[in-house]
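Biologist: I should like to learn how to read several local features of a model. May we begin with the packing of helices?

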Amino acid sequence: MQAATEAPVSLKQAFKDDFYVGAALNGRQVSGNDAKALNLIQEQFNTISPENLLKWESVHPQPDVYNFEPADNYVTLGEQEDMFIVGHTLVWHNQTPKWVFEDEQGKPVSKEVLLKRMEDHINTVAGRYKGKIDSWDVVNEALNDDGTLRQSKWLQIIGEEYLQKAFEFARQADPEAELYYNDYNLWKPEKRAGAVRLVRSLQEKGIKVDGVGMQGHYGLESPSLEDIEASIKAFSDLGVKVSFSEVDIDVLPNPSGRAGADIDATFDFDEKYNVYTTGLPDSVQQQLTARYAELFDLFKKHSDKIDRVTFWGVTDNDSWLNNWPIKGRTSYPMLFDREYQPKPAYEAVLKAAAK
């Protein structure tokens, strides 16, 4: 007879009454070329995000060229497993081809032309997966860390209206999908305030924003739980759902001293920032375990406000942190190691669910 206290066998089961638990998937996984990862995905998660498969440069590389096969595979996998399927992302300043913002002479296009390109892209991509993709990150990373609007090409050419239009076009393309604003460093008080202003200004224009995605690219010590918690409450007070959309914990020293995900901030390779090439020391493994435990204690505490928690990758092998902010590092940010085995942090997260 099973003991009543026996731990659940998966993350999705452990948090089934709290929130979805998910992972970001890559092309090898959705095409079936990483069978071990696929087993973990099927076993552990009930929501998935596309790491790069639905970013503009991947799905719409040239004006009249769409590359839907990887995204189709991704959506099919989610449907087969009856998962909550996330689309990421429709409007972003990064991983968007230059042609989007330029005419044939390489000059900036007019506001009208760029709005039309945005509308066509959203109609085509979100429209293709209407009724299949459950939630879209409509606008990604529109804010600077001080809470002001990022001087992206979208802002420079269209003006602040681009935010409203992105949400309007997404709502037209799929009226049933949940529409999110997604960003990193939303624990920072100034950026939190900026995101609150952004969402509130959309709401005042009659635009429904369903949620805010707090990315959750964290370190072993920073940010503080108090800052993360303050943001959960601030966004929830707007009447929207809160998701932790891209969770990982960087255990390596960081040359920029930042916490976040500004992918433009890259550095040359230096061994002093790649210190665990042969494995993670036990002392650091314990820190990682404790950090994940306290984060999930916090998520559990606010499960009435949090809709999902998604890891940005499946195993340490897949993590973007192996190549950012420095290419070729050996990183250890996930709950599963390079051999697809659960780390002590995995057990700690399951324990947090049981509290």
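**Helix packing**

Modeller: This is a predicted model. Pro189, Arg192, Ala195 and Val196 in α9 meet Asp227, Ala230, Ser231, Ala234 and Phe235 in α10. The residues of this contact between α9 and α10 comprise 6 nonpolar, 1 polar and 2 charged.

Biologist: At what angle do helix α9 and helix α10 pack, and how far apart are their axes?

Modeller: Two packed helices are described by the angle between their axes and by the distance between those axes. Here, helix α9 (residues 189-204) packs with helix α10 (residues 225-236) at about 10 degrees, and the axes are 10 Å apart. An angle under 35 degrees counts as roughly parallel, so α9 is roughly parallel to α10.

**Backbone geometry**

Biologist: Which residues other than glycine should I inspect for a positive phi?

Modeller: Most residues other than glycine have a negative phi, and most peptide bonds are trans. Asn185, although not a glycine, has a positive phi of about 55 degrees. Asn185 lies in the loop between β5 (178-183) and α9. Tyr340 likewise has a positive phi, near 70 degrees, and is placed in the loop between β9 (306-311) and α12 (344-354).

Biologist: Are Asn185 and Tyr340 buried or exposed?

Modeller: Buried means under 20% relative accessible area. Asn185 is buried because its relative accessible area is 6%, and Tyr340 is buried because its value is 17%.

Biologist: Where are cis peptide bonds found?

Modeller: One is the bond from His88 to Thr89, with omega near 0 degrees; Thr89 belongs to strand β3 (residues 84-91). Another cis peptide bond joins Ser222 and Pro223, with omega about 0 degrees. Pro223 is in the loop between β7 (217-219) and α10.

**Residue environments**

Biologist: What does the side chain of Ser10 reach?

Modeller: The side chain of Ser10 reaches the backbone nitrogen of Gln13 at 3.1 Å. Ser10 is in the segment before α1 (11-14), and its relative accessibility of 3% is why it counts as buried. Leaving aside residues up to four places away in sequence, Ser10 touches Glu43, Gln44, Tyr346 and Leu350.

Biologist: Which residues does Gln285 touch?

Modeller: With residues up to four places away in sequence not counted, Gln285 touches Leu280, Lys343 and Pro344. Gln285 is found in helix α11 (residues 282-301) and counts as buried because its relative accessibility is 17%. From Gln285 to Ala177, the separation is 108 residues in sequence and 39 Å in space, C-alpha to C-alpha.

Key. Residues are numbered from 1 along each chain as its sequence is written. This is a predicted model: local features need pLDDT of at least 70, side-chain atom pairs count only at pLDDT 80 or more; totals for chains, interfaces and linings use all residues. Side-chain values use heavy atoms; hydrogens and water are left out. Helices (H or I, at least four residues) and strands (E, at least two) are DSSP runs, numbered from the N terminus. Buried means under 20% relative accessible area, exposed over 50%, partly exposed in between (1.4 Å probe, protein chains only). A polar contact is a pair of N or O atoms within 3.5 Å; within protein, one must be able to donate a hydrogen and the other to accept it, and residues adjacent in sequence count only if both atoms are side-chain atoms. Contact means heavy atoms within 4.5 Å. Axes are lines fitted to C-alpha atoms, for helices over the stretch in contact, and angles run from 0 to 180 degrees between N-to-C directions. Angles under 35 degrees count as roughly parallel, over 145 as roughly antiparallel, 65 to 115 as roughly perpendicular and the rest as oblique. Ala, Val, Leu, Ile, Met, Phe, Trp, Tyr, Cys and Pro count as nonpolar, Asp, Glu, Lys and Arg as charged, and the others, Gly among them, as polar.
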